[in-house]
Structure formats: structure tokens, C-alpha cells
Amino acid sequence: MRLLVTGGAGFIGANFVHQTVAERPDVQVTVLDALTYAGNRRSLDAVADRIEFVHGDVADFALVDRLVAESDAVVHFAAESHNDNSLADPTPFVQTNVIGTFSLLQAVRAHDVRYHHISTDEVYGDLELDDPERFTESTPYNPSSPYSATKASSDLLVRAWARSFGVRATLSNCSNNYGPYQHVEKFIPRQITNLIDGVRPRLYGSGKNVRDWIHVDDHNAAVWTILEKGSLGQTYLIGADGEVDNRTVVGTLLELFGRDADDLDFVTDRPGHDLRYAIDSTRLRTELGWTPQYEDFRSGLEATVRWYRDNESWWRAQKESAEKAYAATESVIG
């Protein structure tokens, strides 16, 4: 298989490339990545001699058409994904998430190439903290930020191209990922790297917001399962039953670092901060037989802490600019 991976130098995409190279030596991987601040070529150093890397934009129609024509399948990870950045400037999110997806859909349509679209549970909006319900494939879309709105738009484009033009596509909406190679602006690596530096973790608002966490390796294993076994035109939700509130995540990290449970700061909340995400991955598990490896969130978190301790040279250069960006928008409230 000749596989095109967009956004393969980003967090989830890079881990997908590593996993594919390690477990599927018969797959020829080409990575397309614009190397914006969230894409890091160094994330692919260990596999650089076993892949083809193309520096380019998914919204470059001519480039995308050429690469897709040379491929048997496309897995589309490339996206602008940081909520805070989408609130500051939505423009790149529309360009990459909407126009970039349109570019890929036109190319796979023209060349009849299998396509898998990576999306997020944030397209469904949020749930009340005491709501027993979870998101399913039939949950109505209700995005609450420019990021989630542009991802919802891209999902709808994929569904329309599959129905109207017969594009051989599948979609997946996944819960919050954590693991190696995640940018330090994100919640878990920010707290880990703060603790490595001896800095108190910081929590938005009260810390009661709940996320459904999944290790990135489990997410990517599910993507391969869908790519190989999924029914065309179908959406699959990927989750590991990892609902944990943000306060508990930070408390677990403090414990792993041998720090007091209250050794943290609360900061002003993010505008429109979603309360709770929760994934029902029954279809993926029962129809396709996928199960997560990291069913215990704490064990996955321990592995992630070890990675950031052992790979400071990868994240150190990002840290200062990320904290400067946060300093401009947050203040300690308690």
C-alpha cells in the first residue's frame, strides 16, 4: 500500500507514522505537512529513512492532486487544533480544516483513492457534568468554538462527497489524545513540563471540566482497524472510556511527581469552555473488534511522563513561547 498521511509531523499523525512503520513494513508512507508551529520534523527523525516527507500545504490543490494520484489511500490528520488559538484568530482554522479537506476530497474523488478522515468529539459540543449520556455516531453536531466548527464543517464535506460522488471514505471522531510528541501548549504536556521545571500546574476555572482521554497509540490502532475493516461512508467514534475531570488529571500528575495535591494554581477560564466530553465507542468495538491497550488512564499517564522526562530536547524549544502565549490570556484566580 502507498499511504499518504497528511499532518504526519503533528502529534497524532507522527505517532501514526511511527506505528505504521514499526508494524506494517509493507506500507510505503508519504507524509505531507506544512510544518506550522504544531508540526515538528524532529518528531519523524527515527523513521526519516523509511518514509518520504513532503513539505507542503493541504490547501495546495496542485500538490495534493499529485500526491493523491500516487497513493492507494489517504489518512487526513492535518488540522489546526488548538482551541485558544482559534479564539484569537479563526482564519487558519478555516483555511486548513475546511479548504484543506475540500482539496483532498476533490483529489481522492478524481483518482478514486480510499480516504479516512480524522475528526474530534468536539464537533458534538458538550454534555452536562451530571448527564449520563455519551456521544454516539448519531449525536447532532453542536460545535462551540471556531476550531470545532471548522472540524464539523470538514466532516460534513466528507459525508457529502461520499454520498454525492461515491468517494470511498470513512470518518472517525476521537476523544482527547495524550502521549509522546504532543505540543507543550496542550493540557497534559503543559502540566508535565511545568512539573519537570518545578512550576505549579495551572487549571482553567474550577477544574471540573471532564475529558474522555485516550492514549494516542490506541487511537491510531483504531484508525488502522477502520481503514482495513470499516464500512465505507460510516462514522466511528473512538474512545477508551477514560472520563476524568481536569482536577483529577492534575492531581494524578502531582502524585506521580511526589508533590502535594494542592500544589497548583487556578486561572481564568477559557471563553466557551466545554463542560464534558464522553465517547460511546460501541460500534467500533462490536462491529470491528477494536479494544484499547491502555484501559487504565494512570498507566498511560505514567508512560507519557517518562517520555517527556526522557525527551526534553524535543520539547524544550517550544516551552518558552507557549508559556508567553498563555501569560497574555490567563491570570491566577486562586
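This passage describes the nonpolar cores, the helix packing and two backbone features of the structure. The model is predicted, and residue numbers count from 1 along the chain.

The largest nonpolar core comprises 34 residues, of which Leu3, Phe16, Val17, Leu44, Ile51, Val75 and Ile238 touch the most other members. Two or more residues of this core are given by each of strands S1 (2-6), S2 (28-33), S3 (51-55), S4 (73-76) and S10 (235-238), and likewise by helices H1 (11-23), H7 (216-229) and H9 (282-288). A second core, separate from this one, holds 25 residues, among them Ile188, Leu195, Leu203 and Leu253.

Two members of the largest core illustrate its surroundings. With neighbours within four places in sequence left aside, valine 17 is in contact with Val5, Gly8, Val29, Val31, Leu44, Val47 and Ile51. Isoleucine 238, which lies in strand S10, has a relative accessibility of 0% and therefore counts as buried, the cut-off being under 20%. When residues up to four places away in sequence are not counted, isoleucine 238 touches Ser172, Asn173, Cys174, Ser175, Ile214, His219, Ala222, Val223, Ile226, Ile279, Leu284 and Trp290. The C-alpha atom of isoleucine 238 is separated by 9.6 Å from that of asparagine 220, a residue 18 positions away along the chain.

Helix H6 (residues 187-196) packs against two other helices. The axes of H6 and helix H8 (residues 246-256) lie 10 Å apart at an angle of about 30 degrees; because angles under 35 degrees count as roughly parallel, H6 is described as roughly parallel to H8. The crossing of this pair is right-handed, and the contact joins Phe187, Ile188, Gln191, Ile192 and Leu195 in H6 to Asn246, Val249, Val250, Leu253 and Leu254 in H8. By class, the contact of H6 with H8 consists of eight nonpolar and two polar residues, with no charged residue.

Against helix H10 (residues 297-310), the axis of H6 comes within 10 Å and crosses at roughly 55 degrees, which means that H6 is oblique to H10. The crossing of H6 with H10 is right-handed. On the H6 side the contact is formed by Ile188, Pro189, Ile192, Thr193 and Ile196, and on the H10 side by Phe297, Leu301, Thr304, Val305, Tyr308 and Arg309; these residues divide into eight nonpolar, two polar and one charged.

H10 in turn packs against helix H11 (residues 312-327), with axes 6 Å apart and an angle of about 80 degrees; the interval from 65 to 115 degrees counts as roughly perpendicular, and H10 and H11 are therefore assigned to that class. Their contact brings Trp307, Tyr308, Arg309 and Asp310 of H10 together with Glu312, Trp314 and Trp315 of H11, a set made up of four nonpolar and three charged residues, with no polar residue.

Finally, the backbone has positive phi values at two residues other than glycine. Most residues other than glycine have a negative phi. Leucine 35, in the loop between S2 and S3, has a phi near 55 degrees; at 26% relative accessibility, leucine 35 counts as partly exposed because this value falls between the 20% and 50% limits. Aspartate 112, for which phi is about 50 degrees, is found in the loop between helix H4 (91-111) and strand S5 (114-120).

Note on methods: Predicted model: local features only at pLDDT ≥ 70, side-chain atom pairs only at ≥ 80, totals over all residues. Heavy atoms only, no water. Core = buried A, V, L, I, M, F, W, Y, C linked by side-chain atoms within 4.5 Å. Buried < 20%, exposed > 50% of the residue type's maximum accessible area, 1.4 Å probe, protein only. Helix = DSSP H or I, 4+ residues; strand = E, 2+ residues; numbered from the N terminus. Contact = heavy atoms within 4.5 Å. Axes fitted to C-alpha atoms, helices over the stretch in contact; angles between N-to-C directions. Parallel < 35°, antiparallel > 145°, perpendicular 65-115°, else oblique. Left-handed = near helix turned anticlockwise from the far one by under 90°. Nonpolar A, V, L, I, M, F, W, Y, C, P; charged D, E, K, R; others polar.
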